[in-house]
Amino acid sequence: MDSVILNQSLEIYGQSLVAICRLPTHTAEALTLLKKGWSNVVVLDQNDLPQGLFNARCLLNWQSQTDSCAFVAPSIALVDIDLEPLPTISISMTISDFLQRISQYRHSAEIWALVDKNGKFTSLLEVSSLLRSLVQAEQNQSPSVASLLLPLIYQLPLPVMVSDREGAIVGMNSAWRNSLHAIPSNAESISNISTNNQVENSPQLLQPNLPVTHQFCTTDGASFTWQVTSVALQGSLKGLDLAIAFDITAQKNLAQELSGLSRVKDEFLTCINHELKTPLTSVIGIASLLSNNTFGELNERQSRYVKMIHQSGRQLVSIIDNIFDLAKAESGQLELYAETVSVKDICQKSIQQVKKLVQQDSTIFRNYQFEEGWELDIQLDIDPTVQTIYADETRLQQMLLNLLSNAFKFSFFPSELVDDLPSIPPQIGVTVRWWEGWLAITVWDQGIGIPEEKQSLVFQKFQQVENVLTRRFEGTGASLLLTRHLARLHGGDITFVSQVDVGSQFTILLPPETSRNHLQLEQLDKRIDISHGRLVLIVETSTEAVDWLRNTLADFNYQVVIARSGTEALEKARRLQPCLILLSPNVPMLSGWDVLALLKGDAVTQHIRVVMMKHADEPKINSHLADGILIKPIKSEELSVFLPNYVVAPKSLKFLYLSQNLEDSVIRLIQDLGHSLLEAEDLPQGDALSKIWQPDLLLLNGDNQFLLQYLEDISHLELFSSLPILIITKSTIAEINWLQKRFANLNLHACQSLDLDNVNTAKAEILLALHQSITNAISYVVPLSFANIASISRDR
């Protein structure tokens, strides 16, 4: 049977001319229709929904239930008669699906009601009549599908050609004949490409393949490029290939032109880098010799001028290096040389380098009235668990140097330019923390801040906060853009928050160390998974809204990343994989609704929960893919509904363990994390201590031979059954899943593969793994009463 016929809808074979009775009515009306010659009467309710069939069998069944032997026409309501069943089927169902459905049942109804999408009756379908029509169509040998396809392709404007598997042309339209008929020799190669990748028994009609490019030259020397995509047809068209051609001459010429321009730009930058830096090196060298009194003593005025020459030369070299690095980063030519480096050492080196540059900058002491011997003080605060990271040391130091230099330059207020008042030393610092998986290096200052209208321009090329005509600080505005490029090359990103007259915080997010000597990939994946559960991306341009959301989410123990444009939001969502995105519709580059559509259409980001933040008077979008809508001004209880339903553990916890059950090294590590320990001689004493001190976690040694017996005994203690249990072991507990199933009433967790034999050399990694296991063990589901504080409608 031809698949085209089988793929037709049942509507073609439905009988719309039928006898109909609508309830409520009497049987006499239906009987009248039977007397007129109708074999069946369709009974519908007032909403046109099928209720059954009325026919002669219904009368006989009714008559058999009466005491009278003579036939009497029933004068009762039609609803009281036992009607013949009338199953329903969608009018849009194909013949193939319908035949497959009725073949599954031994006894199937002869007559079906065809209904529309609302369930309303449209027509009757008799199975026997349908089968007779199909047999008749088969006997009539209807035209082949290929003959029906050719007239269709003749009308298409694009060049289209149909060939068989041997490469013989079955048909082509005029566009193909006029443009590509000069390549009959390539027809076989197109066919081969399509058949090699064919998937047998595929439900798809078309099997797409990689496109093939053909280039032609006309007699006048003009070149044309066509891209031909071949597909293997399936179903009744199996054995034929369909080729569609696209003229990509303009795109190819444009690509070649852009490639040439990019090459010219690279050559220009290389020339500038060489031709400018060579004389600058000489100027800096001579200035350095003069400042060191190599050729004789200089007076105060000459010394000041020489220092200005030296400083300006070094600054110009730095600008050239930044522009050159930025050009290489944008063209994908900037390479990283990563290795395991000490985070503390890099931070200290960067701070010392900035201090040195400040001391060499004569304009600082000329414009600001600092006391004699003043030195820049930069605070450094590093989490003890942060030790090393796998990164390019030079580039990481370059990122910190750029951020620290900006922090220093914009830490002074205009009022501090008054000569007769001493300047207040700038407040600058570096904070390094684990953001539950990401290494967050934050450079903060308490300076002039960035105006709200300028914040979306921070990472654009050659943009500066100050007006170009009135600014007090040198620079091209490329350092922040270069810093973002370098962070993304490391697999991370950069985010910032800022308030005018309050200060700014720029945070570099870097993935954790992936050195083969320290962390296994499974541990890395676990760390990142945990971080994603607490990372929220805010896409908003309003400083006031961003600050409120940051503070509120901080109260819920969530880390926040900010994006101020649609394109930046897409990049951060793909790169950082947050657990939640709070998206404002009014952002530059791309609107929030466009960003939402792109996020939900991308396989990398479609799983992320996205909540739109809009004002009540903004237009309502009836059809959207958002996971929820928050109406501004947002309330904290409404925001909490969309956060993952667990809370983080408090910083200091009480742990219970059995005497002689944990190694001393584990006890010391837990104490280093700031937790308290309760020691019990045995389980009965532990049960008593638990009632008094209410510990947060029970610790067990997974390498102990009596572990199974301990768990068996604990499962019978009511208090312990609700207490999280962390099994700590040096090896991998292969049966942890089996233990969790065996003791389903216990809340079991595992901290595996701890290298306790090398605590002194790998302490940071062990502490981090232990901290994450504890956090994961004591996380619990938030009660539903909390989650239901606010009820936010999806389509509000």
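The following exchange between a trainee and a mentor goes through helices, sheets and cores of a predicted model.

Trainee: What should I know about the model and its numbering before reading any values?
Mentor: This is a predicted model, in which local features need pLDDT of at least 70 and side-chain atom pairs count only at pLDDT 80 or more, while totals for chains, interfaces and linings use all residues. Side-chain values use heavy atoms, with hydrogens and water left out, and residues are numbered from 1 along each chain as its sequence is written.

Trainee: In what order do the 5 strands of the open parallel sheet stand, and which are the edge strands?
Mentor: Helices (H or I, at least four residues) and strands (E, at least two) are DSSP runs numbered from the N terminus, and two strands pair if DSSP finds at least two bridges between them. On that basis the order is β21-β20-β22-β23-β24. Pairing on one side only marks the edge strands, which are β21 (559–563) and β24 (628–632).

Trainee: Over how many bridges do β22 and β23 pair, and which residue stands opposite Leu582?
Mentor: Strand β22 covers residues 580–583 and strand β23 covers residues 609–615, and the two pair in the parallel sense over 4 bridges. Within β23, the residue opposite Leu582 is Val611.

Trainee: Which helix packs on this sheet, and what angle does its direction make with that of β21?
Mentor: Contact means heavy atoms within 4.5 Å, and axes are lines fitted to C-alpha atoms, for helices over the stretch in contact, with angles from 0 to 180 degrees between N-to-C directions. The helix touching β20 (535–539), β21 and β22 is α18 (residues 566–576), and its direction makes with that of β21 an angle of about 145 degrees.

Trainee: Which residues touch the most other members of the largest nonpolar core, and which helix gives the most to this core?
Mentor: A nonpolar core is a set of buried Ala, Val, Leu, Ile, Met, Phe, Trp, Tyr and Cys residues joined through side-chain atoms within 4.5 Å, where buried means under 20% relative accessible area, exposed over 50% and partly exposed in between, using a 1.4 Å probe and protein chains only. Of its 47 residues, those touching the most other members are Val430, Val432, Leu439, Ile441 and Phe506. The helix that gives the most, with 8 residues, is α13 (residues 393–409).

Trainee: How do the axes of α10 and α15 cross, and why is α10 called oblique to α15?
Mentor: The axes of helix α10 (residues 300–330) and helix α15 (residues 479–489) come within 10 Å and cross at roughly 40 degrees. Angles under 35 degrees count as roughly parallel, over 145 as roughly antiparallel, 65 to 115 as roughly perpendicular and the rest as oblique. The crossing angle therefore makes α10, with respect to α15, oblique.

Trainee: And how is α13 placed against α15?
Mentor: Their axes come within 10 Å and cross at roughly 150 degrees. The contact is made by residues including Arg395, Gln398 and Met399 of α13 and Ser479, Leu480 and Leu482 of α15. The angle therefore makes α13, relative to α15, roughly antiparallel.

Trainee: How many residues of α15 are buried, and what covers them?
Mentor: Helix α15 is mostly covered, with 9 of its 11 residues buried, among them Leu480, Thr483 and Arg484. The elements covering these buried residues include α10, α13, β18 (493–499), β19 (503–510) and α18.

Trainee: Why does each edge strand of the 3-stranded sheet have one side without a neighbour?
Mentor: The 3 strands form an open sheet with mixed pairing, in the order β1-β2-β3. Each edge strand has a single partner strand, so one side is left without a neighbour in the sheet, and this holds for β1 (19–22) and β3 (50–54).

Trainee: In which sense do β2 and β3 pair, and which residue of their hairpin takes a positive phi?
Mentor: Strand β2 (residues 41–44) and β3 pair over 4 bridges in the antiparallel sense, with Val41 opposite Phe54 and Val43 opposite Gly52. The hairpin has 5 residues between the strands, and the one with a positive phi, near 65 degrees, is Asp48.

Trainee: Is Glu84 buried or exposed, and which residues does it contact?
Mentor: Glu84 lies in the loop between α3 (56–64) and β4 (88–90), and because its relative accessibility is 19%, Glu84 counts as buried. Leaving aside neighbours within four places in sequence, its contacts are Gly52, Leu53, Asn55, Arg57 and Cys58.
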